[in-house]
Amino acid sequence: MNQAEIKQAIPHREPFLWVDEVVEQTETTIHTRKFISPELDVFRGHYPQFPVLPGVLICESAFQAGALLLSRIAPTNENTVPVVTRVNNVKFKQMVRPGDTLDVTCELTERMANAFFLTATVKVGDRTAARLEFACAQAPLE
């Protein structure tokens, strides 16, 4: 899945699109990538002398991977948008720096009606940067 296909599947756009490509996808898992450009504006203020990608943005990359996975399972329509409803057991294990590439693996672990429960692992190279569990639902646009 390329950028154009990603933008057809989820509503996120630059400067807040945190998925560059979908590497692989099955019925219950997805593997995405995001290159962390040294030119990102966030690095001007998040420790300018030692730039580090904020953990919430690492999580956002996982959330968007989950939204892409769910776009096939339960597509949204023009009246709904995927939203995160819960985040649990977040563990940050390695800093993410400018020039790194996030490899996000996200798995659907349970579905209950309109609620979807997922786990994600975010790696940089062969090292785990973060692990988290989260839930998503389709919210009406009102």
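**Charged side chains in the predicted model**

K123 sits in strand β5, which covers residues 115-124. The structure looked at here is a predicted model, and this lysine makes a handy way into its charged side chains. On the surface, K123 gathers with K91, K93 and R131 in a patch of positive charge. With a relative accessible area of 33%, K123 is partly exposed. That value fits with its place in the patch, because patch residues need over 30% relative accessible area and no salt bridge.

Next come the charges that do find a partner. Side chains of opposite charge can pair when their charged atoms come close. Searching the whole structure turns up five salt bridges. Three of them are described below, starting with D20 and K34, then turning to R33 and its partners.

D20 and K34 meet through their side chains, with 3.3 Å from N to O. This salt bridge ties together distant parts of the chain, 14 residues apart: D20 belongs to the loop between α1 (3-9) and β1 (21-25), while K34 belongs to strand β2, residues 29-35. The two ends of the pair fall into separate classes of exposure. D20 has 26% relative accessibility and so counts as partly exposed. K34, at 11%, counts as buried, because the cut-off for buried is under 20% relative accessible area.

R33 also takes part in salt bridges. One of them joins R33 to E21, at 3.8 Å from N to O. Here too distant parts of the chain are linked, with E21 in strand β1 and R33 in strand β2, twelve residues apart. E21 is partly exposed at 34% relative accessibility, and R33 is likewise partly exposed, its relative accessible area being 30%.

The other salt bridge runs between R33 and D103, with an N to O distance of 2.8 Å. This one spans 70 residues along the chain, going from R33 in strand β2 to D103 in strand β4, which is made of residues 101-112. D103 has a relative accessible area of 17% and is therefore buried. Since R33 is a partner in both bridges, E21, R33 and D103 end up joined into one network.

Taken together, the charged side chains show up in two settings. K91, K93, K123 and R131 form a patch of positive charge on the surface, whereas E21, R33 and D103 are held in a network of salt bridges that share partners.

How values were computed
Residues numbered from 1 in each chain as written. Predicted model: local features only at pLDDT ≥ 70, side-chain atom pairs only at ≥ 80, totals over all residues. Heavy atoms only, no water. Patch = residues over 30% accessible without salt bridge, like charges linked within 9 Å, V, L, I, M, F, W, Y side chains within 5 Å. Areas by Shrake-Rupley, 256 points an atom, 1.4 Å probe, with all protein chains shown as cover. Salt bridge = Lys/Arg side-chain N within 4 Å of Asp/Glu carboxyl O. Lys, Arg positive; Asp, Glu negative; His and termini not counted. Charge placed at Lys NZ, Arg CZ, Asp CG, Glu CD. Helix = DSSP H or I, 4+ residues; strand = E, 2+ residues; numbered from the N terminus. Buried < 20%, exposed > 50% of the residue type's maximum accessible area, 1.4 Å probe, protein only.
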